[in-house]
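Thanks for making time, everyone. Please bring the model up on your screens, and we will walk through it together.

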Amino acid sequence: MRTTKLALGALLPALLVCFSLHTIRAFAKHQMSTPEMITMAKTAAEHEKLAAHYEQEAKAAKAKSDEHAKMADAYRKAGGALIEKLHFDQHCDALVKSYTATADEFEALAKAEHEAAKQTKP
């Protein structure tokens with residue numbers, strides 16, 4: 001009797017996990033990609049959601065830009081023939097420029113989506 005209860009006690013949580021996997025997978029599939037979000041954006045709330053997504057992307061690009069600026073400074077401080085020969089600092093400077101431009105573009109997209117949200121009928 002005790003063995004049966006222990007077996008059922010172990011089996012029940014395993015079954016619950018198995019049956020929950022379908023729900024978890026369905027939720028994961030429900031997350032939309034950015035192109036899907038763009039295509040589906042018809043309401044002000046959907047445009048605001050896109051704007052928030054773009055603002056997050058801009059924030060991430062700014063963080064990468066800051067990181068590479070610090071890396072460039074570190075390479076310059078470290079100095080040495082190898083660093084001068086391979087131009088590590090210049091690679092970082094190029095990435096700073098690229099990530100900064102990316103952040104600017106995402107901010108422009110966010111601004112446009114905020115404007116689209118204002119102009120969308122409720």
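A helix here is a DSSP run of H or I with at least four residues, numbered from the N terminus. With that in hand: Asp 89 sits in helix α5, which covers residues 88–119. One caution before we go on. This is a predicted model.

Start with the overall picture. The protein has five helices and zero strands. Read from the N terminus, the order is α-α-α-α-α. There are 122 residues, and 16% of them count as buried. The accessible surface is about 9,500 Å², with 65% of that belonging to carbon and sulfur atoms. Now contacts. Take those with a separation of 6 or more: residues 24 or more positions apart account for 63% of them.

Next, the helices α3 and α5. Helix α3 runs 44–78. Is its length what we should expect? Let me put that properly: what should the 35 residues of α3 span? At 1.5 Å a residue, 51 Å, and the end C-alpha atoms are 51 Å apart, so that agrees. Same check on α5. Its 32 residues should span 46 Å, and the end C-alpha atoms of α5 are 47 Å apart, which agrees.Which residues of α5 are buried? They are Asp 89, Cys 92, Val 96, Ala 103, Ala 110, Glu 113 and Ala 117. These buried residues pack against α3. On the α3 side, the buried set is His 47, Leu 50, Ala 51, Tyr 54, Ala 58, Ala 61, Ser 65, His 68 and Ala 72. What covers them includes α5, and also α2, residues 34–40.

Now the core. In soluble globular proteins, nonpolar side chains tend to be buried together. Here the largest nonpolar core has five residues: Met 37, Ala 41, Leu 50, Tyr 54 and Ala 110. Look at Met 37. Leaving out residues up to four places away in sequence, Met 37 touches Met 32, Lys 49, Leu 50 and His 53.

Move to the start of α3. Glu 46 is in that helix. Buried or exposed, where does Glu 46 fall? In between: its relative accessibility is 32%, so Glu 46 counts as partly exposed. The side chain of Glu 46 reaches the backbone nitrogen of Thr 43 at 3.0 Å. Beyond its neighbours within four places in sequence, Glu 46 is in contact with Met 40 and Ala 41. And there is a long-range partner to note. The C-alpha atoms of Glu 46 and Ala 117 are separated by 7.8 Å, with their positions 71 residues apart along the chain.

His 47 is also in α3. The cut-off for buried is under 20% relative accessible area. His 47 has 13%, so it counts as buried. Which residues does His 47 touch, not counting those up to four places away in sequence? Ala 41, Lys 42, Glu 113, Ala 116, Ala 117 and Thr 120. Of those, Glu 113 and Ala 117 are on the buried list for α5.

On to the other end of α3. Just after the helix, Gly 79 takes a positive phi of about 60°. Then look at His 87, in the loop between α4, residues 81–86, and α5. Phi of His 87 is near 55°, a positive value in a residue other than glycine. Most residues other than glycine have a negative phi. With a relative accessible area of 34%, His 87 is partly exposed.

Now the aromatics. How many aromatic pairs does the structure hold? Two. One of them is Tyr 75 with Phe 88, and that pair is stacked: 4.8 Å centre to centre, 15° between the planes. The pair links distant parts of the chain, with Tyr 75 in α3 and Phe 88 in α5, 13 residues apart. Both rings' residues are partly exposed: Tyr 75 at 27% relative accessibility, Phe 88 at 28%.

Last stop, back to Asp 89. Its relative accessibility is 16%, so Asp 89 counts as buried. The side chain of Asp 89 makes a polar contact with the side chain of Arg 76, at 3.4 Å. Leaving out residues up to four places away in sequence, Asp 89 touches Ala 72, Tyr 75 and Arg 76. Tyr 75 is the residue we just saw paired with Phe 88.

To recap: five helices, zero strands, and the buried residues of α5 packing against α3. That is my tour; over to you.

Technical notes
Residues numbered from 1 in each chain as written. Predicted model: local features only at pLDDT ≥ 70, side-chain atom pairs only at ≥ 80, totals over all residues. Heavy atoms only, no water. Core = buried A, V, L, I, M, F, W, Y, C linked by side-chain atoms within 4.5 Å. Buried < 20%, exposed > 50% of the residue type's maximum accessible area, 1.4 Å probe, protein only. Contact = heavy atoms within 4.5 Å. Helix = DSSP H or I, 4+ residues; strand = E, 2+ residues; numbered from the N terminus. Polar contact = N/O pair within 3.5 Å; in protein donor to acceptor, adjacent residues only side chain to side chain. Phe/Tyr/Trp six-rings, centres within 6.5 Å; stacked < 30°, edge-to-face > 60°. Areas by Shrake-Rupley, 256 points an atom, 1.4 Å probe, with all protein chains shown as cover. Expected span 1.5 Å × (residues − 1).
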